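Here's a quick walk through the aromatic pairs, the cores and a few of the strands in this model. Have the structure open and follow along.

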Amino acid sequence: MIKLILDENRFQINDVDFEFPVNVYALRNLLGEFRQTVKEFNTIYIWDEYGILAYSKNGTWVEYIMLMIEKTEFDFSPNKVFKGQFWVEEQDVFDYQENNKNKLFRRFSGDTDGAFEINGIGFSLYKKRNSKNVELIKIFEYKSSQKPHERLPVEEKYQKLIGLWEEWVIETTNIISVGNPYYNLIHGITLEDIEKNTELDLENHIVIPNELVNFYKIYNVQYDPVTSPFSFFRNNCQYDLLPFEKIKKEWEDIQSMNDEDDYEAIKDLVAEFDDRVKASNYANPGWIPFAESREGDYLLFDTDPSSKGNYGQIIELQNESWYRGVIADSLEELLQNEINAVKKGQPQKFDFMLDEE
C-alpha cells in the first residue's frame with residue numbers, strides 16, 4: 001500500500017523523503033515502472049496500479065503529483081484509483097480538510113477548490129464537476145512568496161476575537177465554499193493598512209477603535225458589489241462586513257448626512273432612539289461603521305454611548321426610518337449571535353450565494 005505523509009517536518013512517500021521538484025526516476029525507484037504520455041506542454045507519468053500521476057515540464061523534474069480518487073476517461077488516466085493513504089498532520093487528508101476549512105485559501109482569482117499549505121507543500125482536493133465528490137488530489141510546491149499572509153499579533157485583551165473569527169469562518173465555509181464567486185475572505189490587515197486607514201478625523205481625534213483594528217488583524221474581506229457570506233443578518237436585513245479600507249469613506253458618507261436644520265425638521269422621527277444611544281443628529285461622529293446593507297443602513301461600533309450605554313455596543317442605523325438601536329452589547333456578542341444563527345441554518349443571506357455554486 002502507498003502511504004503519503006505531510007506535516008511541518010516532512011513530505012514522504014512510503015517513508016522516503018521528497019521535496020519539489022521531484023526527480024521522476026526517484027519516483028520510479030520507489031513506485032516501479034511507469035507509463036508515460038507526452039503532451040504539448042508536459043510529460044505525464046502514470047502508475048496505473050496505484051492511481052498516481054506525475055507531471056513534468058522538462059521530462060525529468062516533476063512539478064506536481066496527482067492522486068486519482070475517482071476514475072476518469074482520458075488517455076493518461078490510471079487504470080485504477082488511488083487506494084493508498086494520505087496523512088496530513090496525523091489526520092486522513094479528508095478529515096484534515098473537514099477540520100481545517102479556516103486554513104483553506106485561493107491561490108488565484110477563480111480558484112474554485114482552494115488549497116492548503118504546510119511547510120512549502122501545497123495540496124488541493126478537486127471536486128468532480130457539478131458534484132461534491134473529490135475527484136483527485138493535487139500535491140505541489142508552494143513557494144514562500146505565495147504563502148498566506150502572516151497575521152499581525154492580536155492584543156491580549158482581544159484574544160477571544162480569534163476563536164470567534166475562526167468559528168465564524170468554519171461554520172460559514174461549511175455552507176459557502178471557498179470557490180463560490182462571492183466568498184471574499186482574505187488575510188488580516190497589515191501595518192500599512194493600519195497607518196493609512198485608521199485616522200478618520202484628525203482634528204477631532206476620531207479613529208477606528210482598537211478593538212475593530214484587532215478584529216481586522218485576524219481577517220479582512222474584499223469588496224464585492226453584490227453580496228458577501230461574511231455578514232450579519234438582523235431584522236430581516238443583511239449587513240455585509242466592510243473591508244477595513246472602506247471604513248473611512250463610509251464614516252465620511254454617514255457624517256455628511258448631518259444637517260442641523262434638517263434634524264430640527266424631523267427630530268420627532270428619532271423619538272424611538274434607544275436610550276443607550278447618544279445622538280443629536282443623523283449620526284454621532286463616534287459611531288464607526290463596519291457593516292453595511294447596501295441601502296444606506298449600517299452596523300456601527302459605538303465609541304460615544306449615553307450614560308446608560310456601553311462603549312463598544314453595536315448600533316443598527318436604519319436610513320429611512322432614522323431608527324438607531326443597540327442590537328448587541330459588544331462585537332463579541334454580535335459575532336457569537338451570528339455564529340449561532342449560522343449553525344441553526346437560519347440566515348436567508350446564503351440562498352442567493354448557494355444558487356451560484
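Rings of Phe, Tyr and Trp (its six-membered ring) count as a pair if their centres lie within 6.5 Å; planes under 30 degrees apart are called stacked, over 60 edge-to-face, and the rest tilted. Bear in mind that this is a predicted model. By that rule, searching the whole structure turns up 23 aromatic pairs.

Take Phe86 and Phe123 to start with. Their ring centres are 5.8 Å apart and the planes meet at 70°, so this pair is edge-to-face. The two residues come from distant parts of the chain, with Phe86 in strand 9 (residues 85-88) and Phe123 in strand 12 (residues 121-127), 37 residues apart. Both Phe86 and Phe123 are buried.

Phe301 and Tyr311 make another edge-to-face pair. Phe301 belongs to strand 21 (residues 298-302), while Tyr311 sits in the loop between strand 21 and strand 22 (314-317), ten residues along. Are these two partners buried or exposed? Phe301 is buried, at a relative accessible area of 0%, whereas Tyr311 is exposed, at 52%.

Here are the two pairs side by side:

| Pair | Centre to centre | Angle between planes |
|---|---|---|
| Phe86 and Phe123 | 5.8 Å | 70° |
| Phe301 and Tyr311 | 5.8 Å | 80° |

Ring pairs also build a cluster out of Trp165, Trp168, Tyr183, Phe215, Tyr216, Tyr219, Phe230, Phe232, Phe244 and Phe290.

On to the cores. The largest nonpolar core has 82 residues, and Phe123 and Phe290 are the ones with the most contacts inside it. Helix 3 (residues 160-173) supplies the largest share of this core, six residues. Apart from it there's another core, of 14 residues, including Ile44, Ile46, Tyr55 and Leu136. Setting aside its neighbours within four places in sequence, Phe123 is in contact with a list of residues that includes Leu6, Val88, Tyr96 and Lys138, besides its ring partner Phe86.

Lys138 is worth a look too. It lies over the face of Tyr64, 4.1 Å from the ring centre, and also over the face of Phe140, 5.7 Å from that ring centre.

Lys138 and Phe140 turn up again around Ser124, whose contacts beyond four places in sequence also include Arg107, Gly114 and Leu136. Ser124 is in strand 12 and is buried, with a relative accessible area of 0%. What does its side chain reach? The backbone oxygen of Gly114, at 2.9 Å.

Now for the strands. Strand 9, home of Phe86, is part of an open five-stranded sheet with the order 3-2-1-9-10 and mixed pairing. Strand 3 (16-17) and strand 10 (91-92) stand at the edges with a single partner strand each, so each has one side without a neighbour in the sheet. Strand 9 and strand 10 run antiparallel and are joined by two bridges; Trp87 has Asp92 in strand 10 as its bridge partner.

Further along, strand 22 and strand 23 form a hairpin with six residues between them, and Trp322 in the turn has a positive phi of about 65°. These strands run antiparallel, with four bridges joining them, and Ile314 stands opposite Ala328 in strand 23. Why call strand 23 (residues 324-328) largely enclosed? Because four of its five residues are buried.

Key. Residues are numbered from 1 along each chain as its sequence is written. Side-chain values use heavy atoms; hydrogens and water are left out. Buried means under 20% relative accessible area, exposed over 50%, partly exposed in between (1.4 Å probe, protein chains only). A charge sits over a ring if NZ of Lys or CZ of Arg is within 6 Å of the ring centre and within 35 degrees of the ring normal. A polar contact is a pair of N or O atoms within 3.5 Å; within protein, one must be able to donate a hydrogen and the other to accept it, and residues adjacent in sequence count only if both atoms are side-chain atoms. Contact means heavy atoms within 4.5 Å. Two strands pair if DSSP finds at least two bridges between them. A nonpolar core is a set of buried Ala, Val, Leu, Ile, Met, Phe, Trp, Tyr and Cys residues joined through side-chain atoms within 4.5 Å.
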